[in-house]
Amino acid sequence: MSEKVLVIVESPTKARTIKRFLPKGYTVEASVGHVRDLPQNASEIPKSLKQEPWAKLGIDIENGFAPLFVTPRGKGKVINELKRRVKESDRVLLATDEDREGESISWHLIQVLKPAVPAERMVFHEITKRAITYALEHGRDIDMDLVNAQETRRVLDRLYGYTLSPLIWKKIAYGLSAGRVQSPGLRLIVDRELERIVFTRTVYWDARAELYRPEDGEAGAFEAKLESLQGRRIAGSKDFDSITGAYKGKKQTLLLEADQAQEVMNQIRRLPWTVDSVQERESKTRPAPPFITSTLQQEGNRKLKLSARQTMQSAQRLYEQGFITYMRTDSPMLSQEGIAAARAAVEHYFGKEYLSKESRQYASKSKGAQEAHEAIRPAGEVFRRPEETGLTGRDAALYSLIWKRTLAAQMAEGIKMTTTAKISAGEAVFSASGTRILFPGFIRVYVEGKDDPEAALDDRESWLPKLRESMELSVKDLEALSHETKPPARFTEATLVRQLEQLGIGRPSTYASIINTLYQRGYIRTMGNALVPTFTGIAVVQLLEQHFQELIEYSFTSSMEENLDEIAEGAVDRLEYLKKFYLGESGLKSRVEQREDEIDPAVCRIVKLPQITSIEGIRIGKFGPYVMVRDEAKNEEIHASIPEDIPPADLTDEDINKLIRTQKEGPKPIGRDPESGEPVYLLTGRYGPYFQLGERTEERPKPKRASAPRGRDPESLELDEILRLLSLPKVLGAHPDTGKEVVANIGRFGPFVSHDGEFRSVPKTDDVYEISLERALELLAKPKRGRGGSMQIKDLGTSSTGKKISVYNGKYGPYIKHGAKNITLPDDMKDEEQAKQITKEQAEKLIRKSAPKKRKRS
């Protein structure tokens, strides 16, 4: 009788893929994520422990920081099935992921299942026949150093968050949080916003000339830029401090003013122009290393406009389906198999001349990199071309990115020839340069930060005619150019990930969840692709910097990561480290207890910005940021909301005075509707400026309103256009299936049509003011998309309160929507396939669980 072997993995998708490569007698089951975790709320704490003072924390400090592990809701059925399967088996293989979290999941499985048969780890970094066969033959014991490092990380995060977060609730607002990695990440974004405030913009000048050889005529003109005047180099953007904007040029640098620049142009326009020198220089460009987790997230954001979380979700699917190697890695090394496959693909698709002379191997720059791991690459001995995978959408795009980057790493260097000419006119020297690509090499396949390699080749080539010393040139055009220094750019997800990695904050596998938490807490929002802190986010950083500066120092967080790495290596004792962090005079617990009474909530709820001098600061309220002044004449306080679409760095005293004045004087009509005779008002609310038709009264508490168009000055709109905006909502007719109204309108996120609680966005190609009933019905029949492009994947009907319940897949993964509220799914339901299986009963349990608890009065 053949041996019965049970293989346990984390996800059903991974189970389906690995099943293809297992011998007879092997079965695969999925644990669907973690089988034990710390309690998330009081209801998960066992009755026998509810009275223990440490139970809410979930860590028994006095007993060696022993964690309280509970079974997550809904996991009982999965665990019972796994126990049944274990009893039927002769051997158990724990095939969870090869990182610390995967090692920890395997350890928890052993603790919960308590197998009476032999059990060992089965480790692989790609799901291919060869990798699985090798893993089956080379099982090992659970690595307790890795488990200890992961469990210590989990305990640290709980101690940090559960000790500081309640303090922030009391001092700023309920529901906010602090995190060991989250808070320094938020500080980076806040610091950048404050840098933009103090930045001094400066205008500087230079000049450009369009020159040509007389024999070519004006059609052969090329561009040259003013480089120096009277032997002094012309100041450029690099001569200004990138943080403050202050000029830092030296004596030999000349900062041109507008009148100087124009005077120089007038002086040299009619002077002879002569080529002083021509130099040619050959240079080579090397390809970027293969992807690691952080660089994949960065390029996914730059090239594919994906969030870090979207990138990792897609990469997880590609790995679990056997398309790529393991996606959580900080090592850019390629195995010999990977190098051979990449070089074979390069030779096959591009020719032998495109191969690098020798195979390339890359070493990690990260201190804690695990060199035993491999870079993210296509799986297997032969790389499948993107067109041959059958993948679609986001997964296809990401696989193509990984395929190209891996091939490029083994391709020849790009070779270019740069020609630089110095051209003088009197005491002014201009510089012109041209570049020719001698051999494209890897650029033919992949250029970091570029979408199209062919376009990148075009961008890298610039034309320059054949020039020689002493050649005279003619002038086609000459103009002085003004430039303005720009403040430091706000972080994008890509640049934030790069900065976190450079500072050693967190680990690449955690970046997606860090950024997602910042969004969920309302600490940041996006403006285009940029990350902008909210006033609440600034208030949290302000509190932590003033009272717990050391806890959000970048070096402090980075050193914690190094300590966790040392625990993983068995070089640092886990328990001693936790004691030092949490207990003692300088421990986290005593620091918070000592300082709590010193912290004034009224002060914490005021955000002070350097550019705002007309008031004390921006206040954090229950309904968002607002300003407050006292009207002495009326002996009353005046409150005015700050629109959320104004970034903190862009807010001015003029904006604030205008908001206060409007609130103080009350709305003034900007015109009247000729049909009804009612006044039309321009008002400002939490979400920005809007128009209102008529006054709000007890009989009509909600008069017609319309948001001002984004990107336009509401005060510049004509009355006819405003009245057109106010013509909505517009009833288009009755739905043929229900008889209920179909309505067209414009909301906070743009134009839409609605029917019976269902909403669909109106595409830009349609005019919401002219849309027909037929077109609205066509839009309503399409699968529902939510905010940010999220797609409805399951309709669960209505809850007992009459609100609709649906499952969506959005920018940050699947979630439940109950009416207007979004509810995060637990880890074991975050896979799209798992989310599709959610029942109405499960959804209602999660809805009840997410309901805010009534706070007891002290």
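Helices (H or I, at least four residues) and strands (E, at least two) are DSSP runs, numbered from the N terminus. The structure is a predicted model, in which local features need pLDDT of at least 70 and side-chain atom pairs count only at pLDDT 80 or more, while totals for chains, interfaces and linings use all residues. Residues are numbered from 1 along each chain as its sequence is written, and side-chain values use heavy atoms, with hydrogens and water left out.

Backbone geometry was examined in the loops. Most residues other than glycine have a negative phi, and most peptide bonds are trans. Lys 305, a residue other than glycine, has a positive phi, near 60°. Lys 305 belongs to the loop that links α8 (293-304) with α9 (308-320). The residue is exposed, at a relative accessible area of 58%; here exposed means over 50% relative accessible area, buried under 20%, and partly exposed in between (1.4 Å probe, protein chains only). A positive phi, near 75°, is also found at Ser 470, in the loop between α12 (453-460) and β14 (472-484). Ser 470 counts as exposed, with 59% relative accessibility. A cis peptide bond, with omega near 0°, leads from Leu 728 to Pro 729. Pro 729 lies in the loop between α21 (719-726) and β25 (730-734).

Two sheets were then considered. Strands of a sheet pair through backbone hydrogen bonds, either parallel or antiparallel. Two strands are taken to pair if DSSP finds at least two bridges between them. One open sheet consists of four strands in the order β2-β1-β5-β6, and the pairing is parallel. Its edge strands, β2 (26-30) and β6 (119-121), each pair on one side only. From one strand to the next, the twist averages 25°; for such angles, axes are lines fitted to C-alpha atoms, for helices over the stretch in contact, and values run from 0 to 180 degrees between N-to-C directions. Strand β5 (residues 91-94) and β6 run parallel and are joined by three bridges. Within this pairing, Val 92 has Ala 119 in β6 as its bridge partner. Helix α3 (residues 100-113) lies across β1 (5-9), β5 and β6, and runs at about 170° to β6.

The other open sheet has four strands in the order β29-β30-β31-β32, with antiparallel pairing. At the edges stand β29 (791-798) and β32, each with a single partner strand, so one side of each has no neighbour in the sheet. Neighbouring strands are turned against each other by 25° on average, direction ignored. Helix α24 (residues 840-850) packs on this sheet and touches β29, β30, β31 and β32, where contact means heavy atoms within 4.5 Å. The direction of α24 makes about 100° with that of β32.

Strand β31 (residues 813-818) is mostly covered, as five of its six residues are buried. Six bridges connect β31 with strand β30 (residues 804-810), and the two run antiparallel; Ser 806 has Lys 817 in β31 as its bridge partner. Strand β32 (residues 821-824) is antiparallel to β31 and is joined to it by four bridges. In this pairing, His 818 has Lys 821 as its bridge partner in β32, and Tyr 815 stands opposite Thr 824. The strands β31 and β32 form a hairpin with two residues between them. In the turn, Gly 819 has a positive phi of about 65°.
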